[in-house]
Amino acid sequence: MTDEEKNEMVVTPWEVKGEVDYERLIREFGTQPITDELIERIAKHTGELHLQLRRRLFFSHRDLDVVLDLYEKGVKFVLYTGRGPSGPVHIGHLVPWVFTKYLQDKFKTRLYFQMTDDEKFVVEDELKLDEAKNFGYENALDLIALGFKPEDTFMIFDVKDIDLLYDIALEVAKRTTYSTARSTFGFQDSTNIGWIFWPAIQAVPCFIHAKVAGENVPALIPAAIDQDPYWRITRDIAPKLGYYKPAQIHCRFLPGLGKGGKMSASEPDTSIFTVDQPEVVKRKIWNAFTGGRATVAEQKRLGGDPNICTIFQYFVYLFEEDDKKLAERDAKCKEGAIMCGECKTELRERINKFLAEHQKKREKARNILEKFFIKR
Ligand code: TYM
């Protein structure tokens, strides 16, 4: 394989590789960029802007303006996001969830959260159904640990809750041709038919509020852009079923700790899981790819490159709230005034502090998990 082929961008719900060109994704997926004007409009409702908006980590959308138009006329919306439980949660997954919590707090909306144990079972060759279900309950603890409350957070565990989902899934499936599904998801002759039907299930929570609460309102979906293909199909069908088209707000991918690529559970050495212990985090961060030079002397003379540095990106996405301090770190790195070891040590301390708290909250969440189960 040539270097060019290795770097070739692939972004699907099941695979992200190569250098991700976000501008190109906006063009190819046919989404809209998040403009300054839209950001100002959001700020009118939220007051402070979340760092993921200020730093344009959420960079693209579909119909966010429409949702805001409706909201301003008094039509509320619900939030919808989810997780495919094939293993432990990593800190990349937290990126859209932390943002979802911010939207929920600011707009006072209900969240539907889908745990797709069925998806992971049909997609992953080796995964057993019981394992996927179990990861689903374990992963739900991570969501709860972020501060979501059972009053306005409704979790759907697909296998457990299929009775609630099935009629809407059938309506969606009946209106989706194999040819559309194949061209959207790249299905092959060898793809199992469980997987081929499955996208109809991910569409359902876009519409579930009408069934559960009797109100037909739009859903807004915060997620990384890999999930977008689902919404293309769902948006085409929504009006045929009498629902609003679901809106999306898309984020970039938190990179893994290696060179290139998103954080991905399939590469455990370059991913930080929420259940990782401090020594493990220390080792992973110590081995991370940075924008540093080969020697300290060279780095002092020529400076480093924070743009390609994974460590710097972790400060940007999650671990440095203060924009001024972030800019200082950027400048110091470029001037050669700070060495990679210092950034790694600071990041490791911040991550381990965060994880110690998160892990305590996660354990406490076991006692209240059932309160989040969707009621019918
Ligand atoms: P899953 O489990 O692959 O990912 C869960 C969420 O995390 C996002 N994500 C990331 N965000 C930032 N940086 C990363 N490195 C990173 N890796 C993953 C994903 O975009 C997703 O938002 N099929 C879905 C489950 C699902 C869902 C949904 C997700 C069902 N309904 C609605 C979003 C919205 C899945 O397997 O997600």
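Here are three short exercises, with solutions, on a predicted model.

Residues are numbered from 1 along each chain as its sequence is written, and side-chain values use heavy atoms, without hydrogens or water. Local features need pLDDT of at least 70 and side-chain atom pairs count only at pLDDT 80 or more, while totals for chains, interfaces and linings use all residues.

**Exercise 1.** Find out whether Q248 is buried or exposed, and what its side chain reaches.

*Solution.* Start with the strand: Q248 lies in β9, residues 247-251 (strands are DSSP E runs of at least two residues, helices H or I runs of at least four, numbered from the N terminus). Next, Q248 counts as buried because its relative accessibility is 0% (buried is under 20% relative accessible area, exposed over 50%, partly exposed in between, with a 1.4 Å probe and protein chains only). Finally, its side chain reaches the backbone oxygen of P246 at 3.0 Å.

**Exercise 2.** Work out which elements give two or more residues to the shell around the ligand, and which gives the largest share.

*Solution.* Go through the elements: they are β5 (78-83), α6, α7 (117-123) and β8 (219-224). Then pick out β5, which gives the largest share, four residues.

**Exercise 3.** Find which atoms of the ligand G92, Q114 and Q202 approach, and how far away they lie.

*Solution.* Take G92: one of its backbone N or O atoms is 3.2 Å from a ligand nitrogen. Move on to Q114, where a side-chain N or O atom sits 3.1 Å from a nitrogen of the ligand. Last, a polar side-chain atom of Q202 is 2.8 Å from a ligand nitrogen.

Methods: Polar contact = N/O pair within 3.5 Å; in protein donor to acceptor, adjacent residues only side chain to side chain.
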